[in-house]
Amino acid sequence: MNNNLVKRSMSSVKWNTFVNIFLIAFGFVESVVLARLLPVETFGSYAGANSIIVVFSAFALFGLKSAMLHRCSETADLDKAASAHFTIQLIIIIVWAFLMLIGGLLFINRSDPDFWLAYIVIVLSNAVYYLTNTPTGILIRKVEHRRLALAKILNKVFTLVFAIILALQGYYIWALLVSNLVAAIVYIFVLYIWKPVWRPKLSWDISIIRYYLRFGLKQLIANLLNNALDETDDIWIKTYLGAGPLGFYSKAYSFALYPGKIIANPVYQVIGGTYAEVSHDRAQLSEAFERVNGMLIRSGFLLVGGIALIASEFVAIVLGEKWLPMVLTFRLMLPFTLFDPMKNTMDNLFVAVGKPEINVKIRIAQFSVMVIGLFIFGRIWAIEGVALAVDLMMILGIILILSQAKKYVDFSLRRMFAMPMVALFIGLIFGWGIYQIFPMSSLILGALMKGSVFTLLYIAFLAVFDREEFQILIRIFRKHIFNRKMIKSKREI
């Protein structure tokens with residue numbers, strides 16, 4: 001690897017790390033402020049419209065950016081590849097936007113004006129935003145992420161400012177829609193107008209176009225399944241329960257995602273490359289698989305357990321009493337968000353060993369179970385039932401992944417799960433029990449008591465009974481790195 005590439009790679013990692021922290025912090029502030037300023041139903045109308053568009057965005061994107069990133073003879077000349085990419089992407093996006101608008105007119109019930117307005121605005125703004133995939137792909141190919149990091153920062157800052165202004169003025173649905181509009185404007189400006197990364201050119205090189213369509217078609221099904229798994233629950237709730245319940249559910253889901261974002265974002269940056277690098281060596285691949293997932297499980301149980309214990313206080317203090325009906329749903333969503341980062345890192349294993357079709361089969365099974373669960377549990381227990389269906393879908397995915405992973409890696413479920421699970425239950429039981437014995441009149445003091453007892457007991461149990469894994473976990477966090485050192489043998493570490 002040449003020195004220039006190393007330098008650009010290190011710069012990209014630094015920028016991505018900073019941006020991840022920034023986006024999580026600003027995203028949390030934005031979510032809290034808007035939750036206090038906007039009606040619950042507004043979040044439901046926006047989430048319902050956005051979920052439909054996200055599912056069908058797979059057709060607009062068509063896996064073309066991944067095709068341009070793939071190194072082959074058709075993409076060797078980056079300028080020609082970019083021109084052909086922009087051309088075919090432009091055509092597909094125009095057709096997609098037209099069909100989405102026609103489909104909306106024909107099939108969407110327009111009795112909810114906020115829902116209909118959100119649908120139109122998101123389709124059009126996303127269509128513009130998708131046109132920036134070409135310069136984005138160029139920067140990723142060149143391993144130059146600084147400008148993309150700048151775009152993400154500007155997008156989040158302007159979104160927060162305008163969203164608060166619109167919410168205070170009473171333009172509730174626009175306070176949410178401004179995120180889509182700002183993203184389209186910021187990315188167009190940063191990538192096409194201000195010191196352009198690449199000037200749009202049309203090109204119809206038939207060999208490159210054919211390559212893009214062949215490659216994209218392979219990605220389409222997997223992307224469509226991913227989107228359906230993420231968004232079908234929202235669509236079901238909006239259709240059968242309405243905007244109000246979806247508002248509670250979408251907010252519970254968004255806040256339940258934060259533990260996974262905090263834990264897993266650093267892992268996502270490099271784990272695919274780590275698995276790929278050692279994919280030829282079963283022993284090293286096994287060590288990487290167990291080490292990474294063991295870390296995610298131990299840190300995930302800590303965060304999720306603590307949040308589950310103080311969920312009611314957290315919602316009341318941070319979001320306000322109007323959001324208290326979502327507490328049970330919030331707690332029920334936490335198992336999903338606990339295992340989701342682990343599932344995503346495990347997905348990379350099958351890609352690394354050249355078996356991506358395993359992921360597709362698993363997602364088909366997950367989707368089938370989730371749809372059945374929605375109609376069984378959702379009909380009986382409303383949004384709490386939907387959360388159970390999503391948890392069931394995630395647990396099935398983990399079981400199927402682990403059963404398939406045994407063909408390529410060796411691991412111990414007992415070593416991965418046993419001690420963290422026991423520590424979790426001990427912390428929850430004592431955290432809840434001590435609060436029952438010594439109740440607090442203050443919500444803040446009550447949350448601090450339960451959270452502190454749980455955290456101390458959880459950490460103490462692992463430190464005593466899971467000492468070797470606990471010490472490795474501490475070293476990983478202390479160094480803030482996730483590289484080949486993580487896959488050394490236990491004796492070496």
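The exercises below work through a predicted model of a single chain, each with a solution in steps.

**Exercise 1. The chain as a whole**

Task: Describe the secondary structure of the chain, the share of its residues that are buried, and the make-up of the area that the chain exposes.

Solution. Begin with the secondary structure: the chain has 18 helices and 0 strands. Turn next to burial, where buried residues account for 51% of the 493 residues in the chain. The chain exposes about 23000 Å², and carbon and sulfur atoms supply 67% of that area. Finally, consider the contacts between residues at least 6 apart in sequence, of which 82% join residues at least 24 apart.

**Exercise 2. Two aromatic pairs**

Task: Classify the ring pairs Y129 with Y130 and F454 with Y458 as stacked, tilted or edge-to-face, and state how far each residue is buried or exposed.

Solution. A search of the whole structure finds 29 aromatic pairs. In the pair of Y129 and Y130, the ring centres lie 6.2 Å apart and the planes meet at 55°. Planes under 30 degrees apart would count as stacked and planes over 60 as edge-to-face, so the pair of Y129 and Y130 is tilted. As for their surroundings, Y129 is partly exposed at a relative accessible area of 28%, whereas Y130 is buried at 8%.

For F454 and Y458, the centres are 5.8 Å apart and the planes are at 25°, so this pair is stacked. The sequence positions add a further step: F454 and Y458 are 4 residues apart in helix α17 (residues 443-465), which means that about one helical turn separates them. F454 is buried with a relative accessible area of 0%, and Y458 is buried with 1%.

**Exercise 3. Salt bridges between distant parts of the chain**

Task: For the salt bridges K156 with E30 and R415 with E290, give the N to O distance, the helices that are linked, and the burial of the residues where a value is available.

Solution. The structure holds 8 salt bridges. In one of them, K156 pairs with E30, with the closest N and O atoms 3.4 Å apart. K156 belongs to helix α7 (residues 146-168) and E30 to helix α1 (residues 3-37), so that the pair, 126 residues apart, links distant parts of the chain. E30 counts as buried, because its relative accessibility of 13% falls under the cut-off of 20%.

The side chains of R415 and E290 meet in a salt bridge with an N to O distance of 2.4 Å. Here the link runs from helix α16 (residues 413-437), which holds R415, to helix α12 (residues 282-309), which holds E290, across 125 residues of sequence. R415 is partly exposed at 30% relative accessible area, while E290 is buried at 9%.

**Exercise 4. Lysines in two settings**

Task: Which residues does K450 engage through a salt bridge and through a ring, and what does K343 touch?

Solution. Take K450 to begin with: this residue forms a salt bridge with E313, with the closest N and O atoms 2.7 Å apart. The bridge links distant parts of the chain, since E313 lies in helix α13 (residues 311-319) and K450 in helix α17, 137 residues apart. Both E313 and K450 are buried. The charged end of K450 also sits over the ring of Y435, 4.7 Å from the ring centre.

K343 lies in helix α14 (residues 327-352) and is buried, with a relative accessibility of 7%. Leaving aside residues up to four places away in sequence, K343 touches Q366, M394, I398 and I401.

**Exercise 5. A nonpolar patch on the surface**

Task: Identify the residues of the nonpolar surface patch, find the helix that supplies its largest share, and decide whether L106 is buried or exposed.

Solution. The patch covers about 1100 Å² and is made by I91, V95, F98, L99, I102, L105, L106, F107, W204 and I206. Helix α4 (residues 78-107) supplies the largest share, 8 residues. L106, which is placed in helix α4, has a relative accessible area of 61%; because exposed means over 50%, L106 is exposed.

Conventions
Residues numbered from 1 in each chain as written. Predicted model: local features only at pLDDT ≥ 70, side-chain atom pairs only at ≥ 80, totals over all residues. Heavy atoms only, no water. Phe/Tyr/Trp six-rings, centres within 6.5 Å; stacked < 30°, edge-to-face > 60°. Buried < 20%, exposed > 50% of the residue type's maximum accessible area, 1.4 Å probe, protein only. Helix = DSSP H or I, 4+ residues; strand = E, 2+ residues; numbered from the N terminus. Lys NZ or Arg CZ within 6 Å of the ring centre and 35° of its normal. Patch = residues over 30% accessible without salt bridge, like charges linked within 9 Å, V, L, I, M, F, W, Y side chains within 5 Å. Areas by Shrake-Rupley, 256 points an atom, 1.4 Å probe, with all protein chains shown as cover. Salt bridge = Lys/Arg side-chain N within 4 Å of Asp/Glu carboxyl O. Contact = heavy atoms within 4.5 Å.
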